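Student: Could you take me through one part of this model closely, the place where two of the chains meet, and then show me how it fits with its surroundings?

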Amino acid sequence: LNGASLPIVFATDFGPGTEWVGVCHAVMVRIAPQARIIDLTHTLPKFDARAAGLILRDVLPYAPRCAAALVVDPGVGTQRRAILVLTERGDLLAGPDNGLLPLAAEAIGGVAAARSIETASTSFTFHARDVFCPAAARLSTGTSFAAIGPDIAVSSLVRAAPLIADVREGPIECEVLDVDVFGNVRLSIRPDALQKAGLDGETLNVETSRGRSTAVRRDTFGALAQGEVGAIVDSFGWMTLCLNRASAADMLGLARGSRITLSRGGAVDL
Amino acid sequence: LNGASLPIVFATDFGPGTEWVGVCHAVMVRIAPQARIIDLTHTLPKFDARAAGLILRDVLPYAPRCAAALVVDPGVGTQRRAILVLTERGDLLAGPDNGLLPLAAEAIGGVAAARSIETASTSFTFHARDVFCPAAARLSTGTSFAAIGPDIAVSSLVRAAPLIADVREGPIECEVLDVDVFGNVRLSIRPDALQKAGLDGETLNVETSRGRSTAVRRDTFGALAQGEVGAIVDSFGWMTLCLNRASAADMLGLARGSRITLSRGGAVDL
Amino acid sequence: LNGASLPIVFATDFGPGTEWVGVCHAVMVRIAPQARIIDLTHTLPKFDARAAGLILRDVLPYAPRCAAALVVDPGVGTQRRAILVLTERGDLLAGPDNGLLPLAAEAIGGVAAARSIETASTSFTFHARDVFCPAAARLSTGTSFAAIGPDIAVSSLVRAAPLIADVREGPIECEVLDVDVFGNVRLSIRPDALQKAGLDGETLNVETSRGRSTAVRRDTFGALAQGEVGAIVDSFGWMTLCLNRASAADMLGLARGSRITLSRGGAVDL
């Protein structure tokens, strides 16, 4: 098995347009002058492999089968391993062994096998440039999975903590997974959880550390009146709190990692 | 007529480096693995199809003839149509029917014909990924204009409100079209308006909601003394208020949509 | 000598994802439809050719031999020359004559020859679009170095001020070269300077305009306790002050251009 001619997917927390992203492109073009490189995102949550992995899990199914360098790596230079993961779909994902890759692989079949990436001398602080991007580029030019380094047990890979989403009949406690550039607040539950909990009415009570609000279930942003909080299903299938053309995160005082409780709405408003 | 082998131009308000931009790239590469994709901008004014369209109007003439996905789409998921516009130059522009595309097409010949984009099931909230980018990618692989969907009347397209620019002999009332990353303030008038209004002297009075300032006419940023407000013609032909190596927007308290009045300067300074 | 088929490297201070970056891409694709374009960075320090040149010096060695448009250009439209520089490695770098290009070329052999870029009419304010990117694109399609314009003396090129780094036995006065997106503070000295000054102990005193702190020498971010200031060698070989998963620049009140003094630490802590 190898990744010859695969496009290279590149995702980091380096920030868009930085020289860190650019120098990695430069390194990849030197190794693989013909490769297509897809910048999947460079705004992954800094230092947070779990939150980043959840985003990658949602977007990788839209990408073609690929070689990838996926990098959110606060432990760079420590004993954490540099790994290459083969997915059931046939993708080859290079990155740190900190929980990021198993999450990223989850919706494209999960992890089928893993290797440790062997490299000669390298910097202590910039493995995207020195380890992960070179590995992805070499794979795209035909280097085999096995040639990257020794086999490691899939069961030995670091795994991220599971989502907080306490779903049973009654109120749901969940977490904020992400806040997007429009201020939309992605929750750690999907619409079936609301049904399961008996919270499938037209309104929801939203309890945050700041207080209580009411959210109305809608299909689209545009169906919301000005200032009205909506609970919609976002384009990746998550329940999301939003406003029409304004920031729900600002209004509700929510950020990634915030805990909220959803309960049955409606009666309160009568 | 078709767009086979055309480069794909992609422009949004998603913010640079976000996974929203990345997932659209992934979708386009899957459909059109050989296509050149040009990221024209991902910092278009959020929620503001008119301001975004004005920017696209200025930059599209520099692009080669293209298939394009142009997306500023606060009405996504509502009844607003998804459309494909053919320009007189032969470009094929996919986007929402909210005024964006006719403005974008204005400087490359205007709209010659339009089609409604027919798609199977799609998300309510992410038509860039599910409708517009797939359409642009299919066009670049040879799908014909007619195959995209039924013809619609050009006269039925939504149009943006005209520019505010009250130009006659005497003071000019105009609006701020945009503030760039350097804090330069683009006005809704071109230099011929100043001539027409008899304001072609070396200085201008600039009246904002904050008060009155004086601007001097110059050719370049570098010709301005420190702290001096300049009125220059920017690289797209608009009158622009600026400072040398500092932000005129911050100094004058101006933002997109601000109204200002320009009148004859000079005498005041004698 | 020419640059036929070379990839084009593009670096600016325009901000990521702006239409300024995009319109330059559009112009280059029109001239050189087959060229690979590498966005090396679009977050170079605004208005600061010296700081930008120092960053480019560090990253260009990772790029393949290239045609390049390198643009930090506060003097656009003034008498400053538009130049093309040939490096000893064979790169062709187009940009303003303000000190940027000689610094950028320094680690890829330095400047071997220079030409003035001859262009017909152009804007006063946007030479990236009108002069530098067209030149780089034409070079990548085979236009020769000599055809760009008349030869100019290498000795006549504007040079940036040298680094501030007062290194002798005892305390070192140095400057902050850059603060990255994680808040890491890059200093104007490399590790050999500490040795030369006799400051190669396990701790350093860091004196800023805000006061005095202690930094510990470490190899990696991960080896730092929470809240502990580290002095590490960054991935480009510079001494850098950092925290583990937090911003040293914020904690120490440092920004690009700040002056600091390093002296022997350790005894203070006993």
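Tutor: Happily! Let's start with the interface of chain A and chain C, which together bury about 2500 Å², with 66% of that area on carbon and sulfur atoms. Do keep in mind that this is a predicted model. Area is a handy starting point, since the size of an interface is often given as the accessible area lost when the parts come together. Counted by residues, chain A brings 30 to this contact and chain C brings 30. On the chain A side, three residues stand out: Glu19(A), Trp20(A) and Phe47(A) supply 24% of the area that chain A buries against chain C, more than any other three residues.

Now turn to the neighbouring pair. Between chain B and chain A the buried area is about 2500 Å², and carbon and sulfur atoms give 65% of it. Here the side that chain B presents has Glu19(B), Trp20(B) and Phe47(B) as the residues losing the most area to chain A, together 24% of what that side buries. The contact joins 30 residues of chain B to 30 residues of chain A.

How do the copies relate to one another? A turn of 120 degrees, with a shift of 0.0 Å along the axis, lays chain A on chain C with an RMSD of 0.0 Å. The two copies are thus related as by a three-fold rotation axis. If you want to find that axis from chain A, look for Pro16(A), the residue of this chain that comes closest to it, with its C-alpha at 3.4 Å. The symmetry also shows in which surfaces are used: only 3% of the interface residues of chain A are also interface residues in chain C, so the copies meet through different surfaces.

Finally, step inside chain C. Helix H1 of chain C covers residues 19-31 and helix H4 of chain C covers residues 127-140; their axes come within 9 Å and cross at roughly 40 degrees. That angle makes H1(C) oblique to H4(C), and their crossing is right-handed. H1(C) makes the contact through Val23(C), Cys24(C), Val27(C), Met28(C) and Ile31(C), while H4(C) offers Ala128(C), Arg129(C), Cys133(C), Pro134(C), Ala137(C) and Arg138(C). By class, nine of these contact residues are nonpolar, none is polar and two are charged.

In chain B, too, the axes of H1(B) and H4(B) come within 9 Å and cross at roughly 40 degrees, with H1(B) passing H4(B) in a right-handed crossing.

How values were computed: Residues numbered from 1 in each chain as written. Chains lettered and ligands numbered in written order. Predicted model: local features only at pLDDT ≥ 70, side-chain atom pairs only at ≥ 80, totals over all residues. Heavy atoms only, no water. Axes fitted to C-alpha atoms, helices over the stretch in contact; angles between N-to-C directions. Helix = DSSP H or I, 4+ residues; strand = E, 2+ residues; numbered from the N terminus. Left-handed = near helix turned anticlockwise from the far one by under 90°. Least-squares fit on C-alpha atoms with pLDDT ≥ 70 in both. Contact = heavy atoms within 4.5 Å. Buried area = accessible area lost by both parts, 1.4 Å probe. Parallel < 35°, antiparallel > 145°, perpendicular 65-115°, else oblique. Nonpolar A, V, L, I, M, F, W, Y, C, P; charged D, E, K, R; others polar.
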